[in-house]
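Reader: I should like to go through the interfaces of this model and ask on what grounds each term is applied.

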Amino acid sequence: MTASNQMGGINRLPAPRGLLIDRSKQITFTFEGHSFTGYAGDTVASALAANDAWMISRSFKYHRPRGVLTMIGQDANTLVQIGDEPNCLADKRAIEPDMAIEGQNYIGTLEADRGRMVELVKKFLPVGFYYKTFHEKRDSWRFWEPIVRAMAGLGKIDLKADFHHSYYDKKYLFADVAVIGGGPAGLAAALQAAETGAEVILVEESPQLGGSLNYARFDETGDGGSRTSGELASRVRLQPNITVMTNAICSGWFADNWLPVIQGNRFHKLRVKAVVLATGSIEQPAVFRNNDLPGIMMGSAAQRLIHLYGVRPGKRAVILTANRDGYGQALDLLEAGIEVAAVIDLRPTPPQDTMTKAVQRAGIEIRTGHAIAEAMHIGQKKHVSGVSVAPIIGEGELGKAVAEYACDTVLMSVGYSPAGQLLHHAGTKFGYDTRSHMFKPEAVPAHVFAAGSVNNTFDLSAVLADGRYAGWAAAKDAGFERGSELAPPVERGAEEQTHPWPIFPHAKGMEFVDFDEDLKIEDLINGIHDGYDSVELLKRYSTVGMGPSQGKHSAVAAVRIVSRETGMDLRNMSVTTQRPPYTPEKFGHLAGRIFDPERRTAMHHRHLELGAQMMPAGLWWRPGYYGAKADRDQIIRDEVNNVRNNVGLIDVSTLGGLDVRGPDAAEFLNRMYTFTYTKLQVGRSRYLLMTDQTGVITDDGVACRFHDEHFYVTATTSGVDGVYRQMLQWNAQWRLDVDVANVTAAYAGVNIAGPKSREVLARVCHDIDLSPEGFPYLGVRMGTVAGIPARLMRVGFVGELGYEIHVPASYGEALWDALMAAGGLNGIRPFGVEAQRVLRLEKGHIIVSQDTDGLTNAYEADMPWAVAKSKPFHVGGRSAEIQLKNGLTRKLVGFTLKNADDPCPEECHLVLKGSAIVGRVTSAVHSPSLKKVVGLAYVHPDDAQPGSTFDIKVHGGRIIQGTVVPIPFFDPENKRQEM
Amino acid sequence: MNALPKTVPNGLQRRSFLYRQLQQAGAEFAEVNGGAVAIRYGNNEAVELDRAKAMGIADLSVLPRTGFKGTGTVEWLQTQGLTIGQESNVAYRQSGGEWAARLAPTEIFLVDSLAGSGQLIDRLNQSWAWGSEKPRKAIGYPTPRQDSHAWFMVTGQHAPDMFAKICGIDFRLHKFAVGQIAQTSIAKMSGIIIRTDLGTTPAYHLLADIASADYLWPAVQDAMKEFNGGPVGLNALRRLEG
Amino acid sequence: MKIMNCPLNGPRNISEFVWGGEVSIMPDPKSVSDLEWGEYCFIENNTAGVVREWWCHVPTSYWFIAERNTVTDEIVRTYPAGEIFNKRVEFAKQSEDKK
């Protein structure tokens, strides 16, 4: 052994073994505080194994030592903590320089875990522990919680850590055909689909294409796999219409062939017309006493260690097998210089072929019709030290042990189960095949194709043929036809791969069916006898298959056990439903790069420059008030007073705007809104109240008639998109000759309001007669302001002389600048949404969705004046008739406080009648203009007359009295706005 | 050009919602259509041209555009001399380099050429008037497209790859042809993408809610980062067009 | 993610669409009883099988009709609303007809 080999670890095998590692690049990392050196391309697990460190973690419940099981990330044995990242798969994660890795699930150290004593009290932790403990005796949680929390759970999250957010993002990918799995079937499928003319994306979870070809043994000489792999992979590389993604995992199948593919920090959303699922199969463990000891692994895991990473899995091995692959493993071990103590074959008379004969020729002891009865261990179960072997005398029944073999490695090669997760997601029906003793896909949905060992095909030439057929069929399904028609293989070689019953109970137990959840044969049997006698129920009760590996190794064994215990026929059973994701996904992948659109008005930056406190309104940002938060209340009062006494400017760009045009424009508004618009004069505006079909108020605004056939309709900031959509949906049915355009964002708008607003506006508006007669209240005009084309409206929302000015959005900032400059002499100041809310409340104007709710109708809102009764139809009109007839259960009224010293109620403080809740306060404020509290509230109809009093329950449960008063509170004759 | 006084965005009445971000990125402006357009960033025009060929984004928001929709729109525009084909979601190039994007059977979004003279657009906006004949002839209605949408142009060979990060449409060159339109969700906003290559460089108009311009501009540039993309001026686009 | 075929924009991710309720024909508000009107407003058929639904493509605000199987979630067909609603609806005339 050369020096450099020793640097890579004492178990490192010489080149050419080690397909994935780069021996020229050494990487040093720490595990449990000890320093280790591996090679670039090593996973954490392979690097540890190379250094003879086999214990990687401790199990979930009993804290038993666990080590390498699959070397492909299918198990939870190798979950480790890397820095602050818990639950990393040690057999998938590549090592990086200075990585600090820790085991998981122990108290103290991994080597000497104090939690391992749990195993001694295992009889107090029966199957269905949670059900039994907490269902009847609920108080027991208090006792158990700290214990369970300390013992269970995976990994550690440091809540005090300075969480850094890595950059994750998402990307769409498109192709005609996706092939998931880059093993022999996937490679053949991708090539065939591409040759048939389709654009293909080939997704492989490992760093290299080839799958089992890169590590499994297909023949006596052992070079057939790598030769085929090399050939296929080079053909794939030469095919221009195949895109290969390695280190990429497809974690689910979603409707219409939408496939999430995770690669690094990127989550791809792959959309294809057809998909070939060549996801292979998962080697299944044998179930025997102590089958979870470090050193006991899948046969394929040993082959992966040898061929992919150049790591010797041990020094002396026993192989438990029921198929040809076990013999291939024996030859692999021998060639790597590892002693093979014996091959134990479950089958009484295994078929002979060149590989079995080669093993015989090598003089290795082969025991047929035998099984491992028990694995022995050294040093507190830290590693396997040997096995005892017994003859099989019935299904799962062993005779007396006849031999013991000392060994440090046990390979399990007793069968496979299709890696059918993605097929399951797609809705494939699986059935149990009694010849191969495996589940196999029987009814695959449209546009989905299965190939290779997931499709019950194992003989290499059949696998390649199956791949070619699926690739051809998928390309055809995607609309491509080139070359001649292909057929699926007839002989698939699926027999003699999987043993029907590799499960051997032991008198002393500890035969693990589910490594994640530490479930033993007796746990499942007890669960069935507790009454959970279907696979789905047993899963929930016992948690079999619910751990991180999601039943990849336990589901089939669980089905077999249920079948035997209940007498159900396996052919009528299936494994539990598989749902996405196939492998754990990080929240970062699901979140991706966060897209959080927001909307800003043309004057947004001016507001910031003026010190505005911005507040959200839907996606929009609006200025709340201008100045420091500490002075909020005073600022709002000052802004209100400046509007009442002087002139203020507010940005109303967020207000919805719709251009409704056409010969039927007035008729359309008559139908959409409660009022009538047919006779509205051009140059005038009118209030709009919208209800839905059930008569509930949904929006309000103003209709401005600029032409016989043109109404400029305003809507609320948050309501306009819904209003627009409703309008289009209704007119898709009515087919009136009208066109509706949502022009909200296209217009910036301001409201210049206050007694001096006319004077200020006159300085910059020269083409409109601004006199009270020339441009009266509720009038609308088109003209220019500061040379900018503008729509002007005299509105009264804040109850002062005022003009709303709407201009094309790109001119918005220039308009603001011009008005602020023009108003400088008059002390113009901007006011925000908060001041506007006070101003409108002083006038008693409602805000839809603040003063109304999901049930408010026009009569409850005390707006019968807005409901036209003479027109033939409006949306909600029929319901309004019924509402009027049925009478009211509550009514919106204006109120002040009976006792002026009482506190101002807040929104949603309750209105009571006796002890009954009859309504609520919707808006209330201490009015700067009236120097008293004014508000709106729903009260009982009997209490709605001016002068009536009603009870309000305010903070602390205190009851105060409100007095109903007429609205508007301020300037009841509306003289100020009509100046 | 260097002899002219420097154009300052807030010295003009028409302003891109983005002008502060453009200034921060080092833009130099020129007046087009009563507003300031970023014509270049920094002084190395060759570098900027290379960027435009690989992965660039330009803000054309002040350049002329307009729209018409409603019954009779296409017929009226055709009488005004525009060439508009039958298919919706296709943009039709006009003789002056303008593109008439048919968003729906009765809806046209018209963007000017990179010259930005606004000749055709001004003429159409001025020609449209309420008819006085009875019954009034249906000629559609003008829509305020100059101000409803911010207008970016995304250029370069990496554009399809970049779009795949913010949008679910397949923009690969052989799948999304010149003149094709996608009205879709872009970085979680509604928007319109129109492919109109500049010479041999793939180029896409990106039109989206003007009120979200401040959000979309950096969002797209974030997606461009891995391609070393960034802002490019109108000059670079004009040079690509040749 | 499902794909829906918009009659205007072609096949798109379902996330670009919003659902607008089942297509139901409004009873004549002039002649319908209060009870029947209430049922029209509030009662959904919740059919197991193929239903006709309103869908809106959000980026274009385009409303159309989809026939969808509520059992399999298969979208059978999509088409413009004009296939069903092909003539102008007059409320005034309807009530006059009845007089």
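Author: Domain bounds, on which any distance between domain centres depends, come from an automatic or database domain assignment. For chain A that assignment gives domain 4 (603-654 + 746-843) and domain 6 (844-965), among others. The centres of domain 4 of chain A and domain 6 of chain A, taken over C-alpha atoms, are separated by 29 Å. This is a predicted model, in which local features need pLDDT of at least 70 and side-chain atom pairs count only at pLDDT 80 or more, while totals for chains, interfaces and linings use all residues. Residues are numbered from 1 along each chain as its sequence is written, chains are lettered from A and ligands numbered from 1 in the order in which they are written, and side-chain values use heavy atoms, with hydrogens and water left out.

Reader: What makes residues of domain 4 and domain 6 of chain A count as being in contact, and how many does each domain give?

Author: Contact means heavy atoms within 4.5 Å. Domain 4 of chain A gives 12 residues and domain 6 of chain A gives 16 residues. The buried area (the accessible area, with a 1.4 Å probe, that two parts lose on being put together, summed over both) is about 1,100 Å² here, and carbon and sulfur atoms give 61% of it. On the side of domain 4 of chain A, 53% of the area is supplied by A:Arg840, A:Leu841 and A:Glu842, more than by any other three residues.

Reader: Why is the pair A:Arg840 and A:Asp851 called a salt bridge?

Author: The term requires a side-chain nitrogen of Lys or Arg within 4 Å of a carboxyl oxygen of Asp or Glu. The N to O distance between A:Arg840 and A:Asp851 is 2.8 Å, so the pair satisfies the rule. Across the interface of domain 4 and domain 6 of chain A, the rule finds one salt bridge. Helix H17 (632-645) and helix H22 (833-842) of chain A each give two or more residues to the domain 4 side, and H22(A) gives the most, with five residues.

Reader: How do you know that B:Arg172 and A:Glu199 form a salt bridge?

Author: Their side chains come to 3.1 Å, N to O, which lies within the limit and therefore qualifies. Between chain B and chain A the rule finds 13 salt bridges. In that interface 42 residues of chain B are in contact with 47 residues of chain A, and the buried area is about 3,700 Å², with 49% from carbon and sulfur atoms.

Reader: What makes a residue on the chain B side nonpolar, polar or charged?

Author: Ala, Val, Leu, Ile, Met, Phe, Trp, Tyr, Cys and Pro count as nonpolar, Asp, Glu, Lys and Arg as charged, and the others, Gly among them, as polar. The side of chain B that touches chain A accordingly divides into 16 nonpolar, 10 polar and 16 charged residues.

Reader: Which residues of chain C and chain A illustrate the salt-bridge rule?

Author: A:Asp664 and C:Arg88 do, with their closest N and O atoms 2.4 Å apart; the pair is therefore a salt bridge. The rule finds four salt bridges across this interface. Here 31 residues of chain C are in contact with 28 residues of chain A. Chain C and chain A bury about 2,700 Å² between them, 54% of it on carbon and sulfur atoms.

Notes. Helices (H or I, at least four residues) and strands (E, at least two) are DSSP runs, numbered from the N terminus.
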